[in-house]
Amino acid sequence: MQTSRRIYFNPTSIPSLRTTRCSRRDFYNAGEVRPTRSGWRGNARSGIRMESTETGENQTGHISATSNEAILFFDNIFPLKLTWLLRLPWQAERDLPDLLRRFNNQTLSTFEPLTLVKRAIPNSVPMKITEILPRLKDGGAFVKFSHPDGITAQEIEALVSRYLKENPIKPWFSPFRRIRSNLVVGKPWLEDLYRFPSCRIKAEFVPISPGGPAAELSQETLYSLFRKYGKLAEISSQPSDSKVLPKFAYLDFARMRHAIMARNCMHGIKVLEAEGGGAAGTELRLSFEQKIKSHWIWDWLASHPRVVIPAVAALLATAATLVFDPIRTFFIKAHVDHVFHIRDNRIYKWFKSQATDIFTFRLHRSEEAGLGAIWDDRKQVIDQLQTWLMETADTFIVVQGPRGSGKRELILDQALKGRQNTLLIDCKPIQEARGDSATISAAAASVGYRPVFSWMNSISSLIDLAAQGTIGVKSGFSETLDAQLGKIWQNTATALKQVALHSRKKDDKDAALGDDDWLEAHPECRPVVVIDNFLHKNEESSVVYDKIAEWAAGLTMGNIAHVIFLTNDISYSKSLSRALPDRVFRQIALGDITPEVAKKFVLTHLDSDQIDTPGNDIKLTAGQRQYDISELDDCIEVLGGRLTDLEFLARRLKTGQTPKRAIAEIIEQSASEIMKMYLLTVDKGDRKWSPEQAWYLVKSLASNEILRYNEVLLSNTFASSLTPSASNGEAVLEALSAVELISIKTHNGRPQTIKAGKPVYQAAFRQLTEDRVLKSRLDLAILTELSKIETKSIDKYEAELNTLGSLPRQPREVGPRINFLLGKLAASQQKVEAWEKEMGVLKKVLMDEY
């Protein structure tokens with residue numbers, strides 16, 4: 001152990017007690033001899049030297065050394081992590097050493113900064129400390145010392161460095177890094193700006209004298225000058241085409257402490273010609289350069305779109321799920337329970353009951369009275385539906401019938417009357433919506449799914465398209481219509497399950513059962529989902545109907561809800577079987593009502609109108625109210641049992657029309673509708689049939705009420721149509737059945753017969769065929785198409801005969817084929833000749849009649 005120390009902190013280390021000196025010079029080659037400055041702290045009193053602070057002597061930012069004086073820089077004296085204290089505007093310069101000193105004293109007083117400096121200097125070195133300047137933001141301190149003439153500053157540096165390597169001193173805040181020391185060979189700049197250390201140093205090459213030339217140091221020269229201060233990671237020279245002055249280079253150190261040591265020891269050093277500094281020499285001006293840019297986060301995000309864009313999409317989807325899904329589930333539950341429906345409100349019902357004495361509500365009462373006759377006739381069907389809703393069966397209930405047969409009223413007004421937990425989904429507005437955004441909005445509105453941001457679908461598609469063009473892959477922002485509809489139905493299923501479990505009580509006898517088992521044991525508590533207009537305007541690949549069928553299958557199989565499908569399409573089993581392939585559906589077929597019920601329906605409508613409302617302009621005489629029962633029977637026989645047509649007839653009779661006149665106008669209106677929708681060739685749109693095929697059915701059904709399905713398919717008009725979209729006869733008949741021109745009856749699952757789509761269409765067909773001009777025009781179109789078909793066949797026969805005739809020898813085996821082709825050619829020619837004669841007669845009719 002050392003018993004004595006030769007290092008003394010003499011009174012000159014205190015600025016107010018320093019002795020005056022006539023002149024001073026900067027240490028080494030950092031500067032020239034300068035006279036003593038004058039100022040309020042300089043030479044105010046003779047014998048007082050300028051005061052030195054953390055920013056240099058007299059706050060000039062520089063320190064100087066006289067002869068036999070030098071400066072050492074010790075690093076790792078202060079923690080670098082506390083440099084943020086320098087940013088505080090209220091912190092004074094003199095408070096920082098006191099603050100750090102108190103901080104160190106409270107933690108471990110023996111490791112006070114000045115004590116670390118004393119311990120870092122061996123007592124065997126012949127040197128006297130004259131001044132200590134702490135550098136808090138650099139984490140070190142400058143120590144000015146004097147030495148005798150017999151030893152140089154470089155030798156003292158070597159002794160101190162060897163001592164610190166053999167006896168490492170590690171401060172409490174850095175237990176794994178020792179204190180290092182190096183001789184200051186430049187002219188350090190002790191600034192207190194908000195410039196903080198970093199691993200990168202910018203070295204600027206400036207001339208020694210103003211206006212002189214400065215050489216750009218090579219990387220080898222810079223390496224030889226700075227490598228002794230620590231590991232260099234990279235040296236980057238200024239680009240050759242850069243015009244920035246002065247010239248510079250970047251030095252990247254592996255550690256920040258190494259960069260701090262290099263900057264404090266080498267700033268202001270003058271590199272002479274022998275060392276590569278040029279003929280006039282070059283001075284190095286060093287400064288810290290922050291490697292982390294101000295916008296580095298944004299730059300990184302912008303430079304990694306393949307990672308950022310999918311991550312942002314996932315975060316947005318997660319946030320939307322966490323925030324909006326509970327809100328959407330709440331609104332769906334309210335929609336199912338009819339919480340916000342004013343008609344189900346108790347106050348509204350009370351006001352309505354009180355206002356019944358004032359307002360008669362004649363129209364509503366007449367409609368209820370008219371439908372009462374039908375419900376009496378369909379009482380068995382209603383009871384069957386209500387029984388199915390009380391049973392546990394994991395299958396669909398399908399109610400099929402033509403449009404106007406009263407399917408929706410039967411389910412909602414009778415079978416589900418008074419039931420709260422019902423959900424009606426109308427597929428018509430969803431299927432007819434144009435564009436994905438409109439489809440999503442319509443589907444969301446049908447179940448009460450809100451908030452819905454359907455407009456975001458278009459924006460996300462544009463972002464996805466731009467990202468795909470930029471980075472080559474999709475970003476994942478946009479979602480397909482299939483995925484977005486799946487989200488809506490999934491939220492709806494969650495809400496329906498909560499509604500079904502709402503009636504579960506803790507004291508229930510089945511309280512021990514799980515949710516799924518409880519729902520299976522209580523089918524009466526499940527909500528009812530009614531899907532109306534299923535397969536409306538159905539297409540081969542309809543995403544809407546496929547998703548609805550899959551979702552409904554999940555509800556049924558999970559015992560979440562009863563599902564009832566209302567459809568006009570007789571081929572509904574194809575679509576539903578894909579969702580439930582191993583289940584037998586519960587089916588109810590609603591047709592036209594019988595003539596007796598239809599007559600009762602019309603008479604009930606008329607009888608309920610006997611009491612007219614005040615202010616009604618139409619007054620019927622007593623004679624007009626005497627209905628001709630036999631005439632009404634004939635009209636109903638023509639009109640059939642379609643509810644919509646019967647209501648139309650009843651309204652016309654209320655206005656005073658006779659049954660014959662009313663039925664004549666209905667038939668005429670139906671004939672005009674058939675002409676416009678099926679027979680005219682103007683604005684075909686996306687028709688899947690040709691006018692010739694529609695007219696063939698009209699003319700055939702006018703003479704025969706029932707047609708054989710296969711016979712129609714084998715006719716030339718359906719088997720060999722020249723219209724590309726109508727070449728498939730079965731698809732044409734299915735399309736015409738979907739638009740209700742015809743109705744197809746099945747037997748054992750196969751199509752058997754074809755009838756008119758509505759009973760009134762039968763009379764409309766006859767009226768159309770009685771028009772000679774119309775009949776001649778459309779028959780001429782059919783014959784023209786048939787002639788073209790046979791002409792193609794003749795061309796084919798002639799081409800084959802020509803090929804056979806070109807053979808050098810006629811084998812005996814070719815004879816039967818030639819005879820067959822000749823026979824077919826003759827038969828086709830006879831058909832064409834007969835059709836040409838008929839076409840001539842039809843053209844004459846068109847030319848002679850109006």
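Let's start with a pair of charged side chains: K202 and E204 form a salt bridge, with 3.7 Å between the closest N and O atoms. Keep in mind that what you're looking at is a predicted model. Are these two residues buried or exposed? K202 counts as buried, at 17% relative accessibility, and E204 is buried too, with a relative accessible area of 15%. Both counts follow because buried means under 20% relative accessible area.

Now step back for the whole protein. There are 29 helices and 21 strands in it, and of its 850 residues, 44% count as buried. Look at contacts between residues at least 6 apart in sequence, and you'll find that 72% of them join residues at least 24 apart.

Back to the charges. The count of salt bridges comes to 31, and K202 with E204 is one of the pairs that form such a bridge. Two other pairs sit inside helices. In helix α17, which covers residues 543-557, E550 and K547 are three residues apart, about one turn of the helix. Their side chains meet in a salt bridge at 3.9 Å, N to O. Here the surroundings of the partners can be read one by one: K547 is buried, with 17% relative accessible area, whereas E550 is partly exposed at 49%. That 49% still falls in the partly exposed class because exposed means over 50%.

The other helical pair is in α21, residues 643-654. R651 and E647 both lie there, four residues apart, again about one turn of the helix. The closest N and O atoms of their salt bridge are 3.7 Å apart. R651 is partly exposed, with a relative accessible area of 46%, and E647 also counts as partly exposed, at 23%. Salt bridges can also link up: K137, E191 and R263 are joined in a network of them.

Next, the sheets. Strands of a sheet pair through backbone hydrogen bonds, either parallel or antiparallel. You can see each kind of pairing in this model. Take the parallel one to begin with: five strands make an open sheet in the order β15-β16-β17-β14-β18. Which strands stand at its edges? They are β15 (422-426) and β18 (586-589); each has a single partner strand, so one side of each is left without a neighbour in the sheet. On average, neighbouring strands here are turned by 15 degrees against each other, direction ignored. Within this sheet, β14 (residues 397-400) runs parallel to β17 (residues 562-567), and four bridges join the two. If you want a spot to click on, find V399, which stands opposite L566 in β17.

For antiparallel pairing, turn to the open sheet of four strands ordered β6-β7-β5-β8. Its edges are β6 (128-135) and β8 (181-183), each with a single partner strand, so each has one side without a neighbour in the sheet. The twist averages 25 degrees from one strand to the next. Three bridges hold β5 (residues 69-74) to β8, the two running antiparallel, and in β8 the bridge partner of F73 is N182. A helix comes into the picture as well: α3 (residues 153-166) lies across β5, β7 (140-146) and β8, and runs at about 170 degrees to β8.

Further along the chain there is a hairpin. Strands β20 (residues 742-747) and β21 (residues 750-756) run antiparallel and are joined by six bridges. How many residues lie between the two strands? Two, and N748 in that turn has a positive phi of about 55 degrees. H747 has R750 of β21 as its bridge partner.

Finally, look at how two helices meet. The axes of α23 (residues 691-703) and α27 (residues 759-769) come within 8 Å and cross at roughly 105 degrees. That crossing makes α23 roughly perpendicular to α27. On the α23 side the contact is made by W695, V698, K699, L701 and A702, and on the α27 side by Q762, F765, R766, L768 and T769. Sorted by class, the contact has six nonpolar, two polar and two charged residues.

Definitions and conventions: Residues are numbered from 1 along each chain as its sequence is written. This is a predicted model: local features need pLDDT of at least 70, side-chain atom pairs count only at pLDDT 80 or more; totals for chains, interfaces and linings use all residues. Side-chain values use heavy atoms; hydrogens and water are left out. A salt bridge is a side-chain nitrogen of Lys or Arg within 4 Å of a carboxyl oxygen of Asp or Glu. Buried means under 20% relative accessible area, exposed over 50%, partly exposed in between (1.4 Å probe, protein chains only). Two strands pair if DSSP finds at least two bridges between them. Axes are lines fitted to C-alpha atoms, for helices over the stretch in contact, and angles run from 0 to 180 degrees between N-to-C directions. Angles under 35 degrees count as roughly parallel, over 145 as roughly antiparallel, 65 to 115 as roughly perpendicular and the rest as oblique. Contact means heavy atoms within 4.5 Å. Ala, Val, Leu, Ile, Met, Phe, Trp, Tyr, Cys and Pro count as nonpolar, Asp, Glu, Lys and Arg as charged, and the others, Gly among them, as polar.
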